[in-house]
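The following exercises concern the architecture of one protein chain. Each task is followed by a solution that proceeds step by step.

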Amino acid sequence: MIISRKALAREKLEKLKNGYSVYTETEEVASYIEKELSNLGKKVLIDRTPIGCWFIPEERLEDTKSDEN
């Protein structure tokens with residue numbers, strides 16, 4: 001079974017939007033998540049380790065959208 005790294009990154013991005021931390025082992029998935037986060041303009045702490053990368057939301061991304069309206 002082949003797993004699309006972009007699809008995996010999109011799933012992790014949705015979890016971030018819901019306020020959950022996510023972890024990825026691959027640089028490709030981490031880069032895609034970072035790119036999408038920069039497009040959203042939301043603050044996320046990124047903890048890079050020798051074996052992977054954690055993305056920790058500073059706030060729920062969906063909550064900020066409702067506050068803007």
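**Exercise 1: The hairpin**

In this predicted model, Thr49 of the chain stands opposite Gly52 in β3. Determine how strands β2 and β3 are joined and in which sense they run.

Solution. Step 1: strand β2 comprises residues 44–49, and strand β3 comprises residues 52–57. Step 2: the two strands form a hairpin, with 2 residues between them. Step 3: β2 and β3 are joined by 6 bridges and run antiparallel.

**Exercise 2: The sheet**

State the order of the strands in the sheet and identify the edge strands.

Solution. Step 1: recall that strands of a sheet pair through backbone hydrogen bonds, either parallel or antiparallel. Step 2: β1 and β3 pair in the antiparallel sense over 3 bridges. Within this pairing, Val22 stands opposite Phe55 in β3, and Thr24 stands opposite Cys53 in β3. Step 3: β3 is also joined to β2, as Exercise 1 showed. The order of the open sheet of 3 strands is accordingly β1-β3-β2, with antiparallel pairing. Step 4: the edge strands are β1 (22–24) and β2 (44–49), each of which pairs on one side only. From one strand to the next, the twist averages 20 degrees.

**Exercise 3: Two packed helices**

Describe the packing of helices α1 and α2, and decide whether they are roughly parallel, roughly perpendicular or oblique to each other.

Solution. Step 1: two packed helices are described by the angle between their axes and the distance between the axes. Step 2: helix α1 covers residues 5–17 and helix α2 covers residues 27–40; they pack at an angle of about 50 degrees, with axes 9 Å apart. Step 3: angles under 35 degrees count as roughly parallel and those from 65 to 115 as roughly perpendicular. The two helices are therefore oblique to each other. Step 4: their crossing is right-handed.

Step 5: consider the residues that meet. Those of α1 include Leu8, Ala9, Leu13 and Leu16, and those of α2 include Val29, Ile33, Leu37 and Leu40. By class, this contact has 9 nonpolar, no polar and 7 charged residues.

**Exercise 4: Helices and sheet**

Find how α1 and α2 are placed relative to the strands.

Solution. Step 1: α1 lies across β1, β2 and β3, and runs at about 155 degrees to β1. Step 2: α2 also lies across β1, β2 and β3, and runs at about 25 degrees to β3.

**Exercise 5: A single residue**

Is Ala7 buried, partly exposed or exposed?

Solution. Step 1: Ala7 is located in helix α1. Step 2: buried means under 20% relative accessible area, and exposed means over 50%. Step 3: Ala7 is partly exposed, because its relative accessible area is 28%. Step 4: Ala7 and Val29 are 22 residues apart in sequence, and their C-alpha atoms are 9.3 Å apart in space.

**Exercise 6: The whole chain**

Which pattern of helices and strands does the chain follow along the sequence?

Solution. Step 1: the chain has 3 helices and 3 strands. Step 2: read along the sequence, these elements follow the pattern α-β-α-β-β-α. Step 3: of the 69 residues of the chain, 30% count as buried. Step 4: among contacts in the chain with a separation of 6 or more, 44% are accounted for by residues 24 or more positions apart.

Definitions and conventions:
Residues numbered from 1 in each chain as written. Predicted model: local features only at pLDDT ≥ 70, side-chain atom pairs only at ≥ 80, totals over all residues. Heavy atoms only, no water. Axes fitted to C-alpha atoms, helices over the stretch in contact; angles between N-to-C directions. Helix = DSSP H or I, 4+ residues; strand = E, 2+ residues; numbered from the N terminus. Parallel < 35°, antiparallel > 145°, perpendicular 65-115°, else oblique. Left-handed = near helix turned anticlockwise from the far one by under 90°. Contact = heavy atoms within 4.5 Å. Nonpolar A, V, L, I, M, F, W, Y, C, P; charged D, E, K, R; others polar. Pairing = 2+ DSSP bridges. Buried < 20%, exposed > 50% of the residue type's maximum accessible area, 1.4 Å probe, protein only.
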